[in-house]
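User: Could you take a close look at one part of this structure for me, the nonpolar core, and then walk outward from there? I'd enjoy one connected account rather than a list.

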Amino acid sequence: LILHSVSNKPVFVSEAFTHKGDTITLRHCFAPTKLADGEYILRRWRNMEGTVTGYCQLPEGQVTLVNCGIGGHMIVAKGKIIDCKDLGGENCRMTVWVQMEKPQLIERFVAREFAVVYGDYGKEVTEVAERLGLRVLR
């Protein structure tokens, strides 16, 4: 909600899956259609018969990420989406690779859930979070 309110843009909500070096992967079964770089495609959800979800290619570009944990703290980070794929099989349809601007923040992540928006909104998100009484971990 904070990311959307400061950017007025659609937000990709996802879960962390892996990390290697300065790059993390985020996954979810769909993204807002407004984020699509090309055609939005309907596919089976995790290849299960009788289900449907959407897949879209997310474009490369600078993003702001918010990682919130249990309690009154969160991480605000910057990164760059460098790839997006549908790995198929039992996986979520969307796997997104994000190269972190400050990879040392990976060790501070407090949960698996992330909200991602295109653009640099770190300062604005931090200001709103602090006004709400949240502690921003740096």
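Analyst: Happy to; what follows starts at the core, moves out to some individual residues, and ends with the chain as a whole.

Please keep in mind that this is a predicted model. To set the scene, the protein chain has two helices and nine strands. Along the sequence these elements come in the order α-β-β-β-β-β-β-β-β-α-β.

Now to the core itself. In soluble globular proteins, nonpolar side chains tend to be buried together. Here the largest nonpolar core holds 25 residues, and the members that touch the most other members are Phe12, Ile24, Leu58, Leu65, Met94, Val98 and Met100. Several strands feed into this core with at least two residues each: strand 2 (23-28), strand 5 (61-68), strand 6 (73-85), strand 7 (94-100) and strand 8 (113-118). Another core lies apart from this one; it has 13 residues, including Leu3, Val11, Val76 and Val128.

Leucine 65 is a good place to zoom in. Setting aside residues up to four places away in sequence, leucine 65 touches Ile24 and Leu26, the run Ile75, Val76, Ala77, Lys78 and Gly79, then Val98 and Met100, and finally Phe114, Ala115 and Val116. Val76, one of those partners, belongs to the other core of 13 residues.

Lysine 78 is another partner of leucine 65, and it takes us towards the surface. This lysine lies in strand 6 and has 28% relative accessibility, so it counts as partly exposed. Beyond its neighbours within four places in sequence, lysine 78 is in contact with Gln62, Val63, Leu65, Met100, Glu101, Lys102 and Asp120. Two of these contacts, Leu65 and Met100, are among the core residues that touch the most other members. Phenylalanine 12 is on that list too, but the C-alpha atoms of lysine 78 and phenylalanine 12 are 14 Å apart, with their positions 66 residues apart in sequence.

Glycine 119 shares some of this neighbourhood. It sits in the loop between strand 8 and helix 2 (122-131). Is glycine 119 buried or exposed? Its relative accessible area is 17%, so glycine 119 is buried; the cut-off for that label is under 20%. Leaving out neighbours within four places in sequence, glycine 119 contacts Lys9, Gln62, Val63 and Thr64. Gln62 and Val63 also appear among the contacts of lysine 78. Glycine 119 and serine 7 are 112 residues apart in sequence, while their C-alpha atoms are 8.1 Å apart in space.

Moving on past helix 2, we come to leucine 134, in the loop between helix 2 and strand 9 (135-137). With 25% relative accessibility, leucine 134 counts as partly exposed. Its contacts, again not counting residues up to four places away, are Ile2, Gly72, His73, Met74 and Ala129. From leucine 134 to leucine 1 the C-alpha separation is 14 Å, for two residues 133 apart along the chain.

Strands 3 and 4 offer another stop. Isoleucine 41 is in strand 3 and is partly exposed, with a relative accessible area of 29%. It touches Thr53, Gly54 and Tyr55, not counting residues up to four places away in sequence. Its C-alpha atom is separated by 10 Å from that of valine 52, which is 11 residues away along the chain.

The loop between strand 3 (41-43) and strand 4 (53-55) contains arginine 46, and asparagine 47 is found in that loop as well. The backbone may catch your eye here: arginine 46 has a positive phi of about 50° although it is not a glycine, and asparagine 47 has one of about 60°, again without being a glycine. Arginine 46 is partly exposed at 25% relative accessibility, and asparagine 47 is partly exposed at 42%.

Finally, let's step back to the whole chain. Buried residues make up 41% of its 138 residues. Of the contacts between residues at least 6 apart in sequence, 62% join residues at least 24 apart. The C-alpha atoms fill a box of roughly 45 × 30 × 25 Å along the principal axes. The radius of gyration is 15 Å, which agrees with the value near 14 Å for a compact globule of 138 residues. The accessible surface comes to about 7700 Å², and carbon and sulfur atoms account for 52% of it. As for charge, there are 18 positive and 16 negative side chains, with the centres of the two sets 2 Å apart.

Methods
Residues numbered from 1 in each chain as written. Predicted model: local features only at pLDDT ≥ 70, side-chain atom pairs only at ≥ 80, totals over all residues. Heavy atoms only, no water. Core = buried A, V, L, I, M, F, W, Y, C linked by side-chain atoms within 4.5 Å. Buried < 20%, exposed > 50% of the residue type's maximum accessible area, 1.4 Å probe, protein only. Helix = DSSP H or I, 4+ residues; strand = E, 2+ residues; numbered from the N terminus. Contact = heavy atoms within 4.5 Å. Rg over C-alpha atoms; globule rule 2.2 N^0.38 Å. Areas by Shrake-Rupley, 256 points an atom, 1.4 Å probe, with all protein chains shown as cover. Lys, Arg positive; Asp, Glu negative; His and termini not counted. Charge placed at Lys NZ, Arg CZ, Asp CG, Glu CD.
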